[in-house]
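Q: I am new to reading protein models and would like a close look at a single part of this one. Please start with one residue and work outwards from there, explaining each term as you go.

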Amino acid sequence: MDKCVSKLTVYFEDPFWVGTCERQDERRYEACKITFGAEPKDYEVYEFILKHWSQLRFSPSIQSCVCRERRTNPKRMQREIHKELQQGIGTKAQQALKLQQEQRAQARKASAKKNREDEAMRHFALRKEKQKAKHRGH
């Protein structure tokens with residue numbers, strides 16, 4: 001049975017409030033960045049996750065180590081949460097988001113190149129059509 005662990009961190013990244021959603025199972029790690037705009041309330045974040053979880057675009061999978069579940073002391077858990085809040089998002093999440101950004105940039109460049117080529121072909125066809133129309137009567 002695969003156990004999946006998800007974590008959402010909301011922080012202020014000038015000028016917007018941003019959330020980093022991370023999910024990890026036994027074999028892979030994925031991250032997603034969510035821009036909220038104004039400071040979201042807890043119930044707004046919860047509602048957003050419930051409504052839009054299926055539409056979130058997570059980064060490509062990164063190999064991850066096996067996560068072991070250990071029961072931790074509640075005080076220790078609070079200390080770890082406080083420590084993570086001071087640090088911000090983790091480097092693994094940053095790597096996953098960077099990989100997703102690079103893939104989007106490559107896809108955007110490819111589609112822009114295809115659009116340019118299509119437009120050039122259309123202009124070429126229009127020019128040829130005009131030339132044929134000019135020489136039609138002779």
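A: Let's start with R57, which sits in the loop between α1 (42-52) and β4 (62-63). The names α and β stand for helices (H or I, at least four residues) and strands (E, at least two), which are DSSP runs numbered from the N terminus. Residues are numbered from 1 along each chain as its sequence is written. Keep in mind that this is a predicted model, where local features need pLDDT of at least 70, side-chain atom pairs count only at pLDDT 80 or more, and totals for chains, interfaces and linings use all residues, while side-chain values use heavy atoms and leave out hydrogens and water.

R57 has a relative accessible area of 54%, so it counts as exposed. The scale works like this: buried is under 20% relative accessible area, exposed is over 50%, and partly exposed is in between (1.4 Å probe, protein chains only). The areas themselves come from the Shrake-Rupley method with a 1.4 Å probe, and for residues only the protein chains shown count as cover.

R57 also has company: together with R104, R108 and K109, this residue belongs to a patch of positive charge on the surface. A patch is built from residues with over 30% relative accessible area and no salt bridge, joining like charges within 9 Å and nonpolar side chains (Val, Leu, Ile, Met, Phe, Trp, Tyr) within 5 Å. Lys and Arg count as positive and Asp and Glu as negative, with His and the chain ends not counted. Each charge is placed at NZ of Lys, CZ of Arg, CG of Asp or CD of Glu.

Now for a partner of R57. Q100 is part of helix α3 (residues 91-134), and its contacts beyond four places in sequence are A31, R57, F58, S59 and P60. Contact here means heavy atoms within 4.5 Å. Is Q100 buried or exposed? Its relative accessible area is 9%, so Q100 is buried.

Helix α3 brings us to charge pairs. Side chains of opposite charge can pair when their charged atoms come close. The rule for a salt bridge is a side-chain nitrogen of Lys or Arg within 4 Å of a carboxyl oxygen of Asp or Glu, and that rule gives six salt bridges. One of them joins K114 and D118, with the closest N and O atoms 3.1 Å apart. These two are four residues apart in helix α3, which means about one helical turn separates them. D118 is partly exposed, at 40%.

Elsewhere, salt bridges link R23, D25, R28 and E30 in a network. Within it, R28 pairs with D25 (3.8 Å, N to O) and also with E30 (3.7 Å, N to O). R28 is partly exposed at 38%, whereas D25 is buried at 7% and E30 is buried at 10%.

Finally, step back to the whole chain. Three helices and four strands follow one another as β-β-β-α-β-α-α from the N terminus. Of the 138 residues, 17% are buried.
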